[in-house]
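Visitor: I am new to this structure and would love a close look at a single part. Could you take me to one spot in a loop and then show me what lies around the rest of the chain?

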Amino acid sequence: MNFLARKAPQLALVYSTTVSRLPKTLSVRLKSSSAPKRAGSYFKLGLTGVAMGALVGTGYTIHQQNNPKDHFVNETFFIEELEEIPEIKPSRQMKFSEDHSNLKLTLFQYQTCPFCCKVRAFLDYYGVSYDVVEVDPVLRQSIKWSEYKKVPILVAKTPTGYQPLNDSTMIISALASYLKDSGKSMAELVQCFPFITFTDDEGVKKKEIMNKYFLMLSNQQYKKENDKSLSDERKWRKWADEVLVHTLSPNVYRTREEAFQAFNWFSEVGEWEQHFPSWERNLIIYVGASAMYLVGKRLKKRHNLKNDVRQSLYDQCNVWVSEIKKKGTTFLGGQQPNLADLAVYGILNSIEGCVAFKELLENTRIGPWYLSMKQAVSAHQGAKFV
């Protein structure tokens, strides 16, 4: 059982902004043994000493392992609204005539990052306009203002400043909640997704976003939703994040040749020649491709992929297609895509120009669903439901 599951009662207090400590200390009290009354008890005294020594040693070890010392400390915090952020010229602007959201958004991203592609798939499908800032994946100068050093980062302009949103799943849940039920401002919605930091049983400090797969809706709006559909949607969004996405890197960077082909495609689709100096673009391509080739090998082992990593990618995509086939509908969400459809599409869209994607279409049944999703996203079909 993992740490979060065992600490569920404490984690129920995530909406508190105080620090919750979980003391687990063991105090060992030792009584001094009385002097032996006769010479024959020396053996017993020695045996008692050994036992007491073992007890003290064991007690001390347990005490050290369970001593809080920031080991079992849960901290809850929220992404704070900023009064200002540096003015950075957008790499491009995505403006949709269907947009009635009244949101002013800037997406800091890598064009082919699967998590960034998830967010763009959502925004494009629902026809929500946004600016794009292409981040240099090596130097990352355009996000130096942020304490959060990963992408995507979505920034929403508010009446009093700028509200950052971090993590693709949290971003999508917050945006979907706003579009379905705009009773809360974006800054208020962010407060529904607290971050919690903790140190796990192995002593590794970790961070988790609570509620990130849930939509924050009013009771009135929630009654319009189907519980089973929402549950399935959450299940498959989580599968996309925790299973499908981990098959990508070992496939895209399977060989050195494929790694360089992928990075050259990243440069083309991300328009790196326009946004970065030539030396910086070459640095990204050559250093990035070489590094990711090695990273792909480690990720293959970490996620227990098959020796033929292509087969792992095919298997997971066939799992997805089989689930849709059981429903007998075009999408997992029925006749329209749901958030799980958009997540899976975004993840696969990130490798569309790679050799791995071409072979995926040739060796699985995912093509028809993917083409339907591409058409729905490109046409901003979700805008009519907002």
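Guide: Let's start at Asn 211, which is partly exposed, with a relative accessible area of 22%. That label applies because buried means under 20% and exposed means over 50%. Please keep in mind that this is a predicted model. Asn 211 sits in the loop that joins strand S9 (205–209) to helix H7 (219–222). Its backbone deserves a look too: phi of Asn 211 is near 70°, a positive value in a residue other than glycine.

Another asparagine makes a good companion. Asn 304 also has a positive phi, near 55°, and belongs to the loop between helix H12 (278–302) and helix H13 (309–327). With a relative accessibility of 67%, Asn 304 counts as exposed.

One more loop has a backbone detail to show you. Between strand S5 (130–134) and strand S6 (153–158) you will find Pro 152, and the peptide bond leading to Pro 152 from Val 151 is cis, with omega near 5°.

Now step back to the whole chain. The protein chain holds 16 helices and nine strands, and 48% of its 386 residues are buried. Among contacts with a separation of 6 or more, 72% link residues that are 24 or more positions apart. On the outside, the chain exposes about 20800 Å², and 52% of that comes from carbon and sulfur atoms.

Inside, the largest nonpolar core has 81 residues, and the members that touch the most others are Phe 122, Trp 320 and Trp 369. Leaving aside residues up to four places away in sequence, Trp 320 touches several partners, including Trp 236, Trp 239, Leu 332, Val 344, Ile 366 and Trp 369. A second core, separate from that one, has 13 residues, among them Val 133, Val 135, Trp 145 and Tyr 148. In soluble globular proteins, nonpolar side chains tend to be buried together.

Last stop: the second largest pocket, with a volume of about 580 Å³. Its lining has 25 residues, and those closest to the centre are Tyr 126, Lys 180, Glu 233, Pro 337 and Asn 338. Helix H4 (114–125), helix H5 (168–180) and helix H8 (227–242) are the elements that each give two or more residues to this lining. H8 supplies the largest share, five residues. By type, the lining divides into twelve nonpolar, seven polar and six charged residues.

Terms used
Residues numbered from 1 in each chain as written. Predicted model: local features only at pLDDT ≥ 70, side-chain atom pairs only at ≥ 80, totals over all residues. Heavy atoms only, no water. Helix = DSSP H or I, 4+ residues; strand = E, 2+ residues; numbered from the N terminus. Buried < 20%, exposed > 50% of the residue type's maximum accessible area, 1.4 Å probe, protein only. Contact = heavy atoms within 4.5 Å. Areas by Shrake-Rupley, 256 points an atom, 1.4 Å probe, with all protein chains shown as cover. Core = buried A, V, L, I, M, F, W, Y, C linked by side-chain atoms within 4.5 Å. 1 Å grid on protein atoms, 1.4 Å probe; cavity = no way out; pocket = protein on both sides within 12 Å on 5 of 7 lines; lining within 4 Å. Points joined across faces, edges and corners; volume = space filled by probe spheres on them. Nonpolar A, V, L, I, M, F, W, Y, C, P; charged D, E, K, R; others polar.
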